[in-house]
Amino acid sequence: MAIIVKDLVFTIHTQNSTYQMKVDNQNTLLHTYYGARSDETDFSYLIGFQDHGFCGNIPGTERERVYSLDYLLQEYSTAGNGDYRASALRAELGSGTCDCRLVYDSYQIREGKYSLDGLPAMFDSKESGAQTLEIVLKDAEEAFYVHLLYGVFEEQDIITRTVRLENRMDHAAVISRVMSLGIDFPTNDFELIHFYGKHMGERQAERSPMVHGSIDLRSTRGASSHQQNPFVILAEKMASERQGLCYGFSLLYSGGFHLQAEVDSFDQTRLVLGLDDEDFCWSLNPGESFAAPEAVMCCSRDGFSALSHAFHRAVMEHVIRSPWKKKRRPVLVNSWEAVYLDFNKEKILAIAKEAAEAGLDMLVLDDGWFGKRDSDACSLGDWFVNEEKVGGSLAQLSEEIHKMGLSFGLWVEPEMVSEDSELYRQHPQWAMTVPGRQPIRGREQLVLDMTRDDVIEYLYDRLSSIIDGAQIEYIKWDMNRSLAAGHSRLLPRERQGEVRHQFVLGVYRLLEKLISRYPDLLIEGCCGGGGRYDMGMLYYCPQIWCSDNTDAVERLRIQYGTSFAYPMSTISAHVSACPNHENGRVTPFKTRGICAMQGTFGYELDLSKLSKAEKQQVKEQTEFYKKHFALFQYGTYYRLNSPFENRDYTAWQYLDSEKKEAIVSVVFTDLRANPKTDILLLRGLKPGSRYRVWMDREEQGVYTAAALMQAGMRLPIPKENYDAYQFYLKEEV
Ligand code: GLA
């Protein structure tokens, strides 16, 4: 049994972790433990009740002066109670002041995992045997209820959390902060790993000590953002890939978020994670409730690899719904870096012809096919094909491409509008602008007000008619700017604080409608590359364009960071032309192929301009990827080293679930005179087995698993700048 309740001590066990809360004699829900699997001991014996001074005492405990919410470990803290740390909830319940104090009300255990209306959430399957624990807290004075929901995936070592607020008072509550999870640890033994970045440089892994005070990570951009990812790791100081206690926390949400990681004066650690609260203000009327997005937690005592494996499994089995997760993803060629906005039918067909000859599966027509889009300053919103440019209808183009044996995909950016567009001329009020103010433009475009039903309906009709009108197997769903002021003309002044969250709910509504109508459509998420790379999007799209930076070497760092939380099959990665369009670097064609096989593989260059030798490489790379797609898509992934720590090379490994086959990739990132020999330790092989090893299809010999894992594999000396090698291992039977 995963959830055990005894004397109001709630213990949740997963295979390798234990989580515990307890209702104390003041009716506060304390957090008592989260860590490696233990038993049902009431861990509140660890709390030292003391008068700490300047710590307010709750009513009834003043005389003893030792009971203070300012130092107690709580499950869901509130502002205004003399707890001065980061709070999980800031609610005004009628007095004008945020002073809600939550006490225990009731609990329920249910079979199966809860779901959330209108929000992405992990789902269970019959085999997963997930359970739900709901603990209801209530304000000490008012009929204001807080439902804490826990989804327990025992086998997967995953606990999900969310919160539902319910107003049973006769007046409105005003919520200015509602976090999806709050968690307190009694110690300060941690470091924080987070994934920061920028456009063309997403998810750079950074490990930093915690500080007394608070580390704030957030996105206020209306998307989860390039700048910070809604996933962090709290790690014991000695934790590494192979060992040590660490925790992963992820918000399954695609809009702005806020994470605070705080160490208090008593060396205790608190982490809260949820909706961005910078502009957030939600009026909850009598009878209404509010559901916060879901957060996902995992605790590993075996280091980061095990943590990532748990997240990868959770995403593959319980977040991604698309049937594509079980199918081989098409090897595609995308037109963007090949021709940008400057194309005609001949150019596209010339690329398609090469793609078909090289054995690719799909051609994706990126930006530029609609309205009068010859520049990126116009036409967003006018989702009508430019027949002059495309040389006829989309149906005709798609048919010609299909005749060559390829499937066809198309780029869209539904949430945006150009001022120079028919849509804007007809519906200027559909843009998210503030009356009386000049809008902030990004890429010269405005954001559509996705909180409006008429906007969603327009987009749904337009997109469905495009998909119905031509044979289209794939859609790339882009979003190329951040929100500035989140303003909707349909909402009164006092409700503008809802807009950013309502915007995301609108995006989800539209995606849901399209997915229900076209369940087999492969949707690739994108936001100027990876500016909306989160588990929320993966609920709708099984893969995401990882970055607009296609340079193989920079991708090593971006893909490394992405791999901590997200399965490799979600990472869309393409071979592009050199010098690279983003940073001018020149890398061998082979290296670009190997780096793009770190994710879902494809090309993004004008195949018709390649040399004969390069075309041959395209053929061979595509054949290799297709042959081993199961390893690339479903294999267990090991980061063998970190591109942030090792200047000389980056290496990674895929291993199939039966440990019969592995692919190890190595990319050299520096050249040395008089070089040393590098030795690489492999991971996860079957003890007692022997493996035949090929380097780039050249046989190297047979080695035992023990040798390869304990002593290692010798790497070749790089022959040129950014040289790369792919090793294939097969178990000897
Ligand atoms: C974004 C995407 C690119 C490309 C362009 C088109 O930047 O990330 O891949 O689709 O838009 O405008």
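A polar contact is a pair of N or O atoms within 3.5 Å; within protein, one atom must be able to donate a hydrogen and the other to accept it, and residues adjacent in sequence count only if both atoms are side-chain atoms. The model is predicted, so local features need pLDDT of at least 70 and side-chain atom pairs count only at pLDDT 80 or more, while totals for chains, interfaces and linings use all residues. Residues are numbered from 1 along each chain as its sequence is written, and side-chain values use heavy atoms, with hydrogens and water left out.

**Exercise 1. The ligand**

Task: Identify the residues that come nearest to the ligand, and give the polar distance for Trp411, Lys476 and Asp548.

Solution:
1. There are 13 residues around the ligand (near: a heavy atom within 4 Å). Asp366, Asp367, Lys476, Asp478 and Asp548 come nearest.
2. A side-chain N or O atom of Asp548 is 2.4 Å from a ligand oxygen.
3. For Lys476, a polar side-chain atom lies 2.7 Å from an oxygen of the ligand.
4. For Trp411, the distance between a side-chain N or O atom and a ligand oxygen is 3.0 Å.

**Exercise 2. Trp369 and the cores**

Task: Place Trp369 in a nonpolar core and list what it touches.

Solution:
1. A nonpolar core is a set of buried Ala, Val, Leu, Ile, Met, Phe, Trp, Tyr and Cys residues joined through side-chain atoms within 4.5 Å. Buried means under 20% relative accessible area, exposed over 50%, and partly exposed in between (1.4 Å probe, protein chains only).
2. The largest such core has 203 residues, and Trp369 is among those with the most contacts inside it, together with Leu89, Phe144, Val178 and Phe249.
3. Helix α8 (residues 499-517) gives this core its largest share, 10 residues. Helices (H or I, at least four residues) and strands (E, at least two) are DSSP runs, numbered from the N terminus.
4. Not counting residues up to four places away in sequence, Trp369 touches (heavy atoms within 4.5 Å) Phe343, Trp383, Phe384, Val385, Asn386, Val390, Leu394, Leu410, Trp411, Val412 and Ile466.

**Exercise 3. Cys246**

Task: Is Cys246 buried or exposed, and how far is Cys246 from Phe304 in space?

Solution:
1. Cys246 belongs to strand β15 (residues 246-252).
2. Its relative accessibility is 0%, so Cys246 counts as buried.
3. Although Cys246 and Phe304 are 58 residues apart in sequence, their C-alpha atoms are 7.0 Å apart.
4. Beyond four places in sequence, the contacts of Cys246 include Ile233, Cys298, Phe304 and Leu307.
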